[in-house]
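Here is a friendly walk through one protein model, from its overall make-up down to single residues. Please keep the structure open while you read.

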Amino acid sequence: MLTYKHIMHNVLTKSALILLFLLCIAACALQPAAQTPSELSLITADGERLLVDGKTFEVHGVNYVRPTSADPAKCPDLHFGADANCPWDMTPIKADFDRLQALHVNTIRIFLNYYVFGGARAADPNYTTAAPLTHLDDLITEANKRGMYVLPVLMAKYPQDRFGADAYSTVLDLHVRPVVQHLAGRAGVLAWDLFNEPDIGSPVDVRCWDWDNADFPLCFQLAQERLQFIKTLHDEVKRLDPQHLTTVSLAFAKNYFRPEKADMRLADVVDFYAFHYYDNDPYDSGRYAAHWYYGQGFPADLRRAIDELHALKLNKPIVVTELGFPTGAGAKRTLDDLRRDLRTALQVAHEEQISGVVLWPFQPQPDDLLGGLFTK
């Protein structure tokens, strides 16, 4: 038979357990949630280093232009579901990301087509970016789950004749503000790559293939206009998303401080430098060895490009956001040559203490492109 003393003992014991349980819940609520693989930390800059959680971050990246299983004739680019000839399917993208993760890639650079992500509304007011933005979210999530950051090129496939001040409001309203606001503060985004190769003006005039062509006056005017356009773009992106770093991927590193008499230097605008390096094969994809300013070939031109950015003494990180050497029919290099030159380029990057490279996939298979280049 239970006595009053036994009953009270049981009640107090249960009460104590309940109290302990409630205290545990309260204490756990005060602790930060455990970070899942998809919750990457924001990338910051400290002098010439990119940092993550206070530690140096070196970009080991690949430009991701389409799934490896896609037919390039029908689906040459990621259209995020906006092209009926290129239906959106995350299954092959996930498979690619699995392979890239296994090859120690930590960054995916992607291109946000101006028309897909808002520009089409100028011709069709009923066009909506809801589906492309959802697909973009899914891609970023899957990359982040595998420990890979995403570096979006904000302005890709932008019409080359619309850089004047009269175009600013349209560009900002249709494309820039909606996209930047959508991704603002998202930690799995490495930075904003504001524009892809604005220093190439050949769609306007072939003589302005490099906006630094002093032999033809139009090129200087083109450079001035584009510099102001990018400054406007940069300021609006920073206003909307102050947490993310900014850069601009130039075709030639020198154009961060040229033309010499321009009203401004792009080097003074961005948080870190980004440029592309291609050797003189094929002819139209970089031409450092054939360029009037460089012309020493690989790897001397790559080293010079980096050294001149260091010499600006602005204390900013440097990333080569497209590094490519073609192989296959009609190209000078074999796969063995490719791997040799990629190792050389990575050695230059380490010696020059830059913040990494992003490879351009002339080779459709990640294993052919990367080999054992990147390690943890």
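What share of the contacts in the protein with a separation of 6 or more comes from residues 24 or more positions apart? Such residues account for 75% of those contacts, where a contact means heavy atoms within 4.5 Å. Please bear in mind that this is a predicted model, in which local features need pLDDT of at least 70 and side-chain atom pairs count only at pLDDT 80 or more, while totals for chains, interfaces and linings use all residues. Residues are numbered from 1 along each chain as its sequence is written, and side-chain values use heavy atoms, with hydrogens and water left out.

**Overall make-up**

The protein has eight helices and 11 strands; helices (H or I, at least four residues) and strands (E, at least two) are DSSP runs, numbered from the N terminus. Of its 376 residues, 52% count as buried. Buried here means under 20% relative accessible area, exposed means over 50%, and partly exposed lies in between, with a 1.4 Å probe and protein chains only.

**Salt bridges**

The whole structure holds 27 salt bridges, each being a side-chain nitrogen of Lys or Arg within 4 Å of a carboxyl oxygen of Asp or Glu. Three of them are set out here, with their closest N to O distances.

| Positive residue | Negative residue | N to O distance |
|---|---|---|
| Arg109 | Glu322 | 2.9 Å |
| Lys145 | Glu142 | 3.3 Å |
| Arg177 | Glu236 | 2.7 Å |

Let us start with the salt bridge between Arg109 and Glu322. Arg109 belongs to strand β5 (residues 107-113) and Glu322 to strand β10, so this pair ties together parts that are 213 residues apart in sequence. Both Arg109 and Glu322 are buried.

Glu142 and Lys145, by contrast, sit in one helix, α3 (residues 130-145), three residues apart, which is about one turn of the helix. Glu142 is buried, with a relative accessible area of 9%, whereas Lys145 is partly exposed at 44%.

The third pair is Arg177 and Glu236. Arg177 comes from helix α4 (residues 168-183) and Glu236 from helix α5, so their salt bridge ties together parts that are 59 residues apart in sequence. Arg177 counts as partly exposed, at 24% relative accessibility, and Glu236 is buried at 9%. Elsewhere, salt bridges with shared partners link Asp210, Asp212, Lys254, Arg258 and Glu260 into one network.

**A buried aspartate**

Asp199 lies in the loop between β7 (191-196) and α5 (217-240). What is the nearest side chain of opposite charge to this buried residue, which has no salt bridge? That side chain is Lys254, 6.4 Å away; Lys and Arg count as positive and Asp and Glu as negative, with His and the chain ends not counted. The side chain of Asp199 does reach the backbone nitrogen of Ala251 at 2.9 Å and the backbone nitrogen of Phe252 at 3.1 Å. Not counting residues up to four places away in sequence, Asp199 touches several others, among them Cys208, Trp209, Leu250 and Asn255.

**Gly324 in its strand**

Gly324 is part of strand β10 (residues 318-324) and is buried, at 1% relative accessibility. Leaving aside residues up to four places away in sequence, Gly324 touches Tyr277, Tyr278, Asp279, Trp360 and Phe362. Its C-alpha is 6.0 Å from that of Leu359, although the two are 35 residues apart in sequence.

**Backbone details**

Arg258 and Pro259 are joined by a cis peptide bond with omega of about 0°, and Pro259 lies in the loop between β8 (245-250) and β9 (273-278). Another cis peptide bond joins Phe298 and Pro299, with omega of about 5°; Pro299 is in the loop between β9 and α6 (300-310).

His104 has a positive phi of about 70° although it is not a glycine. His104 sits in the loop between α2 (90-102) and β5 and is partly exposed, at 28% relative accessibility. Lys157, also not a glycine, has a positive phi near 60°. Lys157 is in the loop between β6 (149-156) and α4, and at 55% relative accessibility Lys157 counts as exposed.

Notes:
A polar contact is a pair of N or O atoms within 3.5 Å; within protein, one must be able to donate a hydrogen and the other to accept it, and residues adjacent in sequence count only if both atoms are side-chain atoms.
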